[in-house]
Amino acid sequence: MSKPMFSIDIELVRGTFRRTVKFETTRRAIALVGRSGAGKTSVLHAIAGLVRPVRGRIAIGGRCLFDSNTRVDE
């Protein structure tokens, strides 16, 4: 099996909003779908580094961008 292109396992908190998101894929493109207010934009903001998750890990293309355990935050 190929290395994951996207490996996301995060918990986001924004005000009273709390969302846990976990997925891994070898695909080069992904789509986030869900109802209004489900947290799609918050997840994209976390991947882009605009929002810091309260815990978890974000890796893209094998490069770790965020890891709360090892305090990586690029």
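What share of the contacts in the protein chain between residues at least 6 apart in sequence join residues at least 24 apart? In this predicted model, the share is 35%. The legends below go from the whole chain to single residues.

**Figure 1. Overview of the protein chain, with one helix and five strands.**
Along the sequence, the elements follow the pattern β-β-α-β-β-β. The radius of gyration is 12 Å, close to the 11 Å that the globule rule gives for 74 residues, so the chain is as compact as a globular protein of that length. The C-alpha trace spans about 40 × 30 × 15 Å along its principal axes. Of the 74 residues, 31% count as buried. The accessible surface comes to about 5300 Å², and carbon and sulfur atoms account for 49% of that surface.

**Figure 2. The largest nonpolar core, made up of 11 residues.**
Its members are Ile8, Ile10, Leu12, Val21, Val43, Ala46, Ile47, Val51, Ile58, Leu65 and Phe66. Two or more of these residues come from each of β1 (6-14), α1 (40-48) and β4 (63-67). Leu12 belongs to this core. Beyond its neighbours within four places in sequence, Leu12 is in contact with Phe17, Arg18, Arg19, Ser42, Val43, Ala46, Val51 and Pro53. Among these partners, Val43, Ala46 and Val51 are also core residues.

**Figure 3. Helix α1 and its buried residues, Ser42, Val43, Ala46 and Ile47.**
These four residues cover an arc of only 140° around the axis, which puts them on the same side of α1. An α-helix has 3.6 residues a turn, so residues three or four places apart point the same way. The cover over the buried residues of α1 includes β1, β2 (17-25), β3 and β4. Of the buried residues, Val43, Ala46 and Ile47 are also listed in the largest nonpolar core. Just after α1, Gly49 takes a positive phi of about 85°.

**Figure 4. A salt-bridge network that links Asp9, Glu11, Arg18 and Arg55.**
Side chains of opposite charge can pair when their charged atoms come close. The structure holds six salt bridges. In the one between Arg55 and Asp9, the closest N and O atoms are 3.3 Å apart. This pair links distant parts of the chain, with Arg55 in strand β3 and Asp9 in strand β1, 46 residues apart. Both residues are partly exposed: Arg55 has a relative accessible area of 30%, and Asp9 has a relative accessibility of 24%. Glu11 and Arg18 also meet through their side chains in a salt bridge, at 2.2 Å from N to O. Here Glu11 counts as buried at 15% relative accessibility, whereas Arg18 is exposed at 52%.

**Figure 5. The salt bridge between Arg52 and Asp73.**
The side chains meet at 3.3 Å, N to O. Arg52 lies in the loop between α1 and β3 and Asp73 in strand β5 (residues 72-73), so the pair ties together parts that are 21 residues apart in sequence. Is Arg52 buried or exposed? Arg52 counts as exposed, with 56% relative accessibility. Asp73 counts as partly exposed, with 45%.

**Figure 6. Surroundings of Ala59 in strand β3 (residues 55-60).**
Ala59 is buried, and its relative accessible area is 6%. Leaving out residues up to four places away in sequence, Ala59 touches Met5, Phe6, Ser7, Ile8, Cys64 and Leu65. Ile8 and Leu65 are members of the largest nonpolar core. Glu24 is 35 residues from Ala59 along the chain, and the C-alpha atoms of the two are separated by 9.4 Å.

**Figure 7. Surroundings of Thr25 in strand β2.**
Thr25 is buried because its relative accessible area is 18%, and the cut-off for buried is under 20%. Which residues does Thr25 touch, not counting those up to four places away in sequence? They are Pro4, Met5, Phe6 and Ile30. Of these, Met5 and Phe6 are also touched by Ala59.

Key: Residues numbered from 1 in each chain as written. Predicted model: local features only at pLDDT ≥ 70, side-chain atom pairs only at ≥ 80, totals over all residues. Heavy atoms only, no water. Core = buried A, V, L, I, M, F, W, Y, C linked by side-chain atoms within 4.5 Å. Buried < 20%, exposed > 50% of the residue type's maximum accessible area, 1.4 Å probe, protein only. Contact = heavy atoms within 4.5 Å. Salt bridge = Lys/Arg side-chain N within 4 Å of Asp/Glu carboxyl O. Arc of directions from axis to C-beta. Rg over C-alpha atoms; globule rule 2.2 N^0.38 Å. Areas by Shrake-Rupley, 256 points an atom, 1.4 Å probe, with all protein chains shown as cover.
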